[in-house]
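Q: Please take a close look at a single topic, the burial of side chains, and explain it in connected prose for a first-year student. Kindly define each term when it is used.

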Amino acid sequence: MQAAMLTTPPLDREIGMTSRRALMIGALAAGFAGAVRAQAPPARGSDARSAPQTILELVRRSIEVNGKPASVFGIRQPDGTFGISTEVGEPFRVRVANRIDEPSLIHWHGLTPPWQQDGVPGISGPPIPAGGAADYDFPLGFGGTFWMHSHQGLQEQSLMVAPLIVRDERHRKDQQEVVLLLDDFSFTAPEEIFERLRNGIGMPSMAGRVATMPRITGVPQGGPAVRDLNDVKYDAFLANYRTLADPETVKVEPGGKVLLRVINSSSMSNYHLDLGQLKGELIAVDGSRIAPLVARRFPIAVAQRLDIRVAVPRATAAYPVLAVLEGERRRTGIILAAGRTNIPRVPELAAQLSPALALGLERHLRAVEPLRPRKADRVYTLNLTGEMAGYVWSINNIVWSKDVPPLPVAHGERVELIMINRTGMSHPMHLHGHRFQVVQIGGRRFPGAVRDTVLVPPAERVAVAFDADNPGLWAFHCHLLYHLEAGMFQTFRYV
Ligand SMILES: [Cu+2]
């Protein structure tokens, strides 16, 4: 199939008023030729053309959940591999073939491509029509654990998600890699879940609320006194697309080394990763190196990733690696089987309720490669706003629509975003196209982790800094799927 070149006007014309026209051109080109070239032209002299292209097919498939068949999506290569594992320095040369019966578009979460290849419909470019395809080609300048997911409608909830691993020197020959993908699952259609949330049906009971007096950290008094957790009641939680009743078992070497790459691709659920008897050394968050921290439990919010080194004990045994839903006992996970051993049944309920996610660990993370110290050229204060009643979510009380103008920044600036959560729910905030550094929590400044998604709990104030070094139109939003859909979304733009 020949790839058709999508007519791309210069950046300053395409973003803003002409985006709707560009979208139509894209849809037409795709309709005729079957493939849209979603890429900026590769740099001259690049070896990208000689590198092989990876095909990713967007498919409908069936899995079994709680003993019942479930129709979900999948992102996989023709040989059945979910997502992509590649190497740093290789070009990201991919064709996405849409084999489902509706439009779709895939976002490369945590990578920093040219903005036209970022995979956000209506922002980066048009969605790929049913039966169409799009090509991607950009350099991978850094390694880490990333993921890919549809940014089209509510497809992410139906498991249009997959791992995206970029190996670098952290990948060692004597170390076995284990990917753990965490998802929330419902037999109810995502559109119906959203409708129920908006109509207040299935709102969390008081049992789903944790009455806590928020710590006031630089936020004016009068913040929320009641915290809402888990506003969707899920039927199951999946680890590598399976429940704990029928978990994936991974054979590992007794006395061997494992690199756990944990990806929270859930639509709405934060977890505590629980290593049980194992001790883990956390070496990276969202793909970026941190000064290592040793623990047995680690919080992971929606869209975040954890890279954890684990030394498998010499004793032949089964070691469950679990993820406990925040504020609940429900959990999912996989089993590491060291040697020939019986696999015990692990109950789907933990012995104790887990706490809500907080920023205890975040305060202790220190980037190994921080941003170079510099005063911010531009600071945005972004109040995270909204309410459960009517399920309205916004930023600075602005519910996003295509008519909301982008927030301006200028190429080369150091930008700081101060996020203040004025709501009763925590929000995992994600910036596209850039990696930011956490530089302040409450009143305290510190050189925190470099990330792409940071959790802002109720009444908290979190500041992040980034360098505006990747011009374009970029999304910034809460990664809770139904908050994003309800309008907790903004864009940044610079040329
Ligand atoms: Cu949110």
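A: A residue is called buried if its relative accessible area is under 20%, exposed if it is over 50%, and partly exposed in between, using a 1.4 Å probe and protein chains only. The model is a predicted one, in which local features need pLDDT of at least 70 and side-chain atom pairs count only at pLDDT 80 or more, while totals for chains, interfaces and linings use all residues. Residues are numbered from 1 along each chain as its sequence is written, and side-chain values use heavy atoms, with hydrogens and water left out.

By this rule His-483 is buried, because its relative accessibility is 0%. Cys-478 is likewise buried, because its relative accessibility is 0%. Both residues belong to the copper site, where the protein donors are His-427 (ND1), Cys-478 (SG) and His-483 (ND1), at 2.0 to 2.1 Å from the ion. Donors are N, O and S atoms within 2.8 Å of the metal (3.2 Å for Na, K and Ca); water is not among the atoms, so sites may look incomplete. Along the sequence, the donor residues follow the spacing H-x50-C-x4-H.

Burial also concerns the aromatic rings. Rings of Phe, Tyr and Trp (its six-membered ring) pair if their centres lie within 6.5 Å; planes under 30 degrees apart are stacked, those over 60 are edge-to-face, and the rest are tilted. The count of aromatic pairs is 14. One of them joins Phe-92 and Trp-108 edge-to-face, with 4.8 Å between centres and 65 degrees between planes. This pair links distant parts of the chain, as Phe-92 lies in strand S6 (residues 91–98) and Trp-108 in strand S7 (residues 106–109), 16 residues apart. Strands (E, at least two residues) and helices (H or I, at least four) are DSSP runs, numbered from the N terminus. Phe-92 counts as buried because its relative accessibility is 2%, and Trp-108 because its value is 0%. A second edge-to-face pair consists of Tyr-391 and Trp-393, 5.7 Å centre to centre, with planes at 80 degrees. Tyr-391 and Trp-393 are both buried. Ring pairs also connect Phe-92 and Trp-108 with Tyr-136 and Phe-138 in a cluster.

Strand S7, which carries Trp-108, takes part in an open four-stranded sheet of order S5-S10-S9-S7 with mixed pairing. Strands S5 (84–87) and S7 are at the edges with a single partner strand each, so one side of each has no neighbour in the sheet. Two strands pair if DSSP finds at least two bridges between them.
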